[in-house]
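Notebook open, coffee poured. Today I am going through the pockets, cavities and cores of this one.

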Amino acid sequence: MFLRLGFRCEDTQLINEANQFYSIFEAIENRANAYTLGTDPAVIKSFNQEVYNAVSYIWAFKRKVLGLILSCKLPGANNFPLLVDHVSREANYFRNQLRELNEGRLAPLADAIIDENVFFLRIMADHAKFISHLLDPSERKLVEQANHFGQEFDQLLFQAKDLESMRPQSQTVPLLDQFLDQNRVSVTALRDFKKTARDLIEACKIKSIIHPLLADHVFREAEHFLEIIDMFENSLTGKQPSNHPH
């Protein structure tokens, strides 16, 4: 939907493709919501493969759109190249998760913690930059706050990538726990900022070109990241089994 809103009126083929993907994933979501914990695992595995195929197609579509923008074949379109790259990275992340679920593979806990944080810290940094650029320039205070978050999450991402190259083991619980704690503080602050921005946008109290659903989308992703951090911390401290995303 966000890609479609950014296309020009004359981009009818791309608009139609985006609409088709919207319908496909809306139907997939409805089917997913109908499954229960008692559903036959073979049925879920088959469904995962079907979704994997659909995600592969939308990933290719997003990369095609990015290529058109970078080669200046969509002049005047309102999709930032970084935003298109961002949503393609999310599609590839989802695709990888589905494949690993079907193959029954779990990464070692320390690797999963680092990989997930590297991925989501970049997503959060991107969000802050999008918010900054889509707010009206007259919203100086909010723009300043968004820019601050963008810089903060860039730094957190650099730190996470440094840790990625060191690759500590799961036995290094204090190091990994401090890493998660630090990220939680920053993600919580960004989540609260996004919630405020979303509520103000929905109430028409700030000037921007941010679609209300985009504001809600980035808020929900911050909430999801916090849930992942909590899950990892519980795994490190033994509060529950190590059932991590990888």
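Before I count who lines what, a note to self: the helices are DSSP runs of H or I with at least four residues, numbered from the N terminus. With that in hand, I looked up the second largest pocket and found that α1 gives the largest share of its lining, three residues.

**Confidence.** This is a predicted model, so I checked pLDDT early on. The protein chain has a mean of 94, with 96% of its residues at 70 or more. I flagged residues 240-246, where pLDDT stays under 50; the model has 28 contacts beyond four places in sequence for them.

**Second largest pocket, continued.** I got a volume of about 310 Å³. Its lining includes F2, L5 and G6, as well as N78, N79 and H211. By class I noted eight nonpolar, four polar and no charged residues.

**Largest pocket.** I read off about 1800 Å³ of space here. Which residues lie nearest its centre? I found F25, F94, H217, R220 and E221, out of 36 that line the pocket. I then sorted the lining by element: α1 (2-6), α2 (12-34), α3 (41-70), α4 (81-103), α5 (109-134) and α8 (212-237) each supply at least two residues. The class split is 24 nonpolar, five polar and seven charged.

**Cavities.** How many cavities of 30 Å³ or more does the whole structure have? My search turned up three. The largest has a volume of about 60 Å³, and I listed F2, L83, H86, V87, E90, H127, F130, L214, H217 and V218 around it. The elements giving two or more residues to that lining are α4, α5 and α8, with the largest share, four residues, from α4. I logged six nonpolar, three polar and one charged.

For the second largest cavity I also have about 60 Å³. H127, F130, I131, L134, I210, L214, A215 and V218 line it, and α5 and α8 are the elements that give two or more residues. Here α5 has the largest share, four residues. The lining comes out as seven nonpolar, one polar and no charged.

**Cores.** I finished with the nonpolar packing. The largest core has 45 residues, and I113, F153 and I210 have the most contacts inside it. I see α5, α6 (140-166), α7 (173-202) and α8 each supplying at least two of its residues, and α5 giving the largest share, 15 residues. Skipping neighbours within four places in sequence, I find I113 in contact with L176, F179, L180, F232 and L236. Apart from this core lies another, of 23 residues, among them F7, A54, V55 and F61.

Technical notes
Residues are numbered from 1 along each chain as its sequence is written. This is a predicted model: local features need pLDDT of at least 70, side-chain atom pairs count only at pLDDT 80 or more; totals for chains, interfaces and linings use all residues. Side-chain values use heavy atoms; hydrogens and water are left out. pLDDT is the predictor's confidence in each residue, from 0 to 100. Contact means heavy atoms within 4.5 Å. On a 1 Å grid over the protein atoms alone, a cavity is a set of points where a 1.4 Å probe fits but cannot get out, and a pocket is an open set with protein on both sides within 12 Å along at least five of seven lines; lining residues have an atom within 4 Å of a point. Grid points are joined across faces, edges and corners, and a volume is the space filled by probe spheres set on the points. Ala, Val, Leu, Ile, Met, Phe, Trp, Tyr, Cys and Pro count as nonpolar, Asp, Glu, Lys and Arg as charged, and the others, Gly among them, as polar. A nonpolar core is a set of buried Ala, Val, Leu, Ile, Met, Phe, Trp, Tyr and Cys residues joined through side-chain atoms within 4.5 Å. Buried means under 20% relative accessible area, exposed over 50%, partly exposed in between (1.4 Å probe, protein chains only).
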